[in-house]
Amino acid sequence: MAACAIAGSMICCAALAQTTPPPRVGLARALDAAWQRTQAGTEAQVALARAEAEQVAADSLLAEPPALELGHRSDRWHDNKGARENEVGLALPLWLPGQRSARQAAAEAGQTLARVGEDADRLRLAGDVREAAWTLAGLDAEVTVADAQLRYLRELATDVERRVHAGELARTDAIAARAEALAAQAALSEVRERRHAAMARWQALTGLDTAADPREAEAAPAAAGDDGLPAAHPGLRQAAQAVEHARRGVEVARTDRAAAPELTLSYRREVAESGASAERSINFGLRLPFGTDARNRPLAAAAQGELAQAQVAELRLRQQLAGDLVAARGALDAAAEQAEAARERAGLLRERAQLIDKAFRAGEAALPELLLAASAATQGEAGRARQDAALGLARARLQQVSGILP
């Protein structure tokens, strides 16, 4: 969106093209830098680690960690006949039928949810990066326009001063030309300050000292699903996976009807009285806890509540996204029309300023008329630059709403 000369033959596009443009980075690289800097994926990484831990637990052969049982019995404090008994055992919690597979499926759904959640977090951060990049791009264009205007007015003021000394123009014309050059210098300083503030926000977001070039090749339109929404949208995939994860949680609650049953294996050594030989035995046992409504109903209700919340959240997201897509497409169409009008207006004002500049140098136009034309041309070029940036931002917002990452 680099601007060419606004008026006259003194400032031309070739002179601006000779200026080496500042280095730029790609928008994808800027997003990676912001991702690393803001640690936006920390929550998703924590969720993934938790899901992986649940997967390890679900893959275990036992429902819970085994327990060691130790026992000792003696008549020392009663008959004191030397009777004693020692027992050591191991309790092994067992899975209920269907419980292990349900928890494995829930853990797998949790891992998938964490991964798609990371994509959704990246998309949200991409929106901030896109906004900041296009803000900088628009201000860079305004700086170029303001710099071109200042160069033109300075050269014009020099030419007017020469003609004043030659007696061709009045001293008031030199004063007016110099004042306009100073006004252009102030305008350039103002837009540079705004650009400096935007660059500071960019550095805080990405940690990069160079701006990004947001004018990347347009991504292909997102494939739409049966409902017309982008099927691969990370936010939609996250919401759908949250529903699936909650549904798996309901299945876990259904199979978790009671506490884990326990298989016990113990070794017992028993002496009936002093001097008697020891008797040894191995015991097997099975402990079966009962599941009651007092235990199961709150768990089932909580799981059903989470499922209902996930389904409502998905529905609301789809409704919001449908509205956002309509608004973004409308904003893009309007921005395209405004940018076209701004380009045409800027071209007409530039041509008018060039004609008046030639007439002024030929002595056929007054300086105030030229200064007004140059000011109008500058405003037209600045408006064109802002509208071009607004058009690019509208495209970026449509890609953002469509779930397309840089």
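Which residue stands opposite A67 in β3? The partner is A91. This report places that pair in its wider setting. The model is predicted.

## The chain as a whole

The protein chain holds eight helices and six strands. In sequence order the elements run α-β-α-α-β-β-α-α-β-α-β-β-α-α. Along the principal axes, the C-alpha atoms fill a box of roughly 140 × 45 × 30 Å. The radius of gyration is 38 Å, whereas a compact globule of 406 residues would have one near 22 Å.

Of the 406 residues, 40% are buried. The chain exposes about 22600 Å². Carbon and sulfur atoms supply 54% of that area. Now take the contacts between residues at least 6 apart in sequence: 80% of them join residues at least 24 apart.

## The four-stranded sheet

Four strands form an open sheet in the order β2-β3-β5-β6. Their pairing is antiparallel. The edges are β2, residues 67-74, and β6, residues 279-287. Each edge strand pairs on one side only. On average, neighbouring strands are turned by 15 degrees against each other, direction ignored.

Follow the sheet across from β2. Eight bridges link β2 to β3, which covers residues 84-93. Here A67 faces A91, and L68 stands opposite L90. Next, β3 pairs with β5, residues 262-271, over 10 bridges. One bridge there matches E85 with E270 in β5. Last, nine bridges join β5 to β6. In that pairing, T264 has G285 of β6 as its bridge partner.

In a regular strand, side chains alternate between the two faces of the sheet.

## L68, a residue on an edge strand

L68 belongs to strand β2. Is L68 buried or exposed? L68 counts as exposed because its relative accessibility is 60%, and the cut-off for exposed is over 50%.

Which residues does L68 contact, leaving aside neighbours within four places in sequence? They are V88, G89 and L90. L90 is also the residue opposite L68 in β3. Far along the chain lies Q311, 243 residues from L68. The C-alpha atoms of L68 and Q311 are separated by 44 Å.

## Two helices, α4 and α5

Helix α4 has 67 residues. At 1.5 Å a residue, α4 should span 99 Å. Its end C-alpha atoms are 99 Å apart, so the span agrees with the expected value. Just after α4 comes G167, with a positive phi of about 80 degrees.

Helix α5 covers residues 171-206, a run of 36 residues. The expected span of α5 is 52 Å, and its end C-alpha atoms are 52 Å apart, so these values agree too. G207 follows α5 and has a positive phi near 80 degrees.

## What covers α5

The buried residues of α5 include D173, A174, A177, A181, A184 and L188. Further along α5, V191, A198, M199, W202, L205 and T206 are buried as well. An α-helix has 3.6 residues a turn, so residues three or four places apart point the same way.

Which elements cover these buried residues? Among them are α2 (27-38) and α4 (99-165). The cover also includes β4 (212-213) and α8 (367-401).

## A30, a buried residue in α2

A30 is found in helix α2, one of the elements that cover the buried residues of α5. A30 has a relative accessible area of 0%. A30 is therefore buried, as the cut-off is under 20%.

What does A30 touch, not counting residues up to four places away in sequence? The list is V25, V129, W202, T206, L208 and A212. Two of these, W202 and T206, are among the buried residues of α5. V129 lies 99 residues from A30 in sequence. In space, their C-alpha atoms are 7.3 Å apart.

## In brief

L68 is exposed on strand β2, an edge strand of the sheet. A30 is buried in helix α2. The protein chain has a radius of gyration of 38 Å, and its helix α4 spans 99 Å between end C-alpha atoms.

Conventions:
Residues numbered from 1 in each chain as written. Predicted model: local features only at pLDDT ≥ 70, side-chain atom pairs only at ≥ 80, totals over all residues. Heavy atoms only, no water. Pairing = 2+ DSSP bridges. Axes fitted to C-alpha atoms, helices over the stretch in contact; angles between N-to-C directions. Buried < 20%, exposed > 50% of the residue type's maximum accessible area, 1.4 Å probe, protein only. Contact = heavy atoms within 4.5 Å. Rg over C-alpha atoms; globule rule 2.2 N^0.38 Å. Areas by Shrake-Rupley, 256 points an atom, 1.4 Å probe, with all protein chains shown as cover. Expected span 1.5 Å × (residues − 1).
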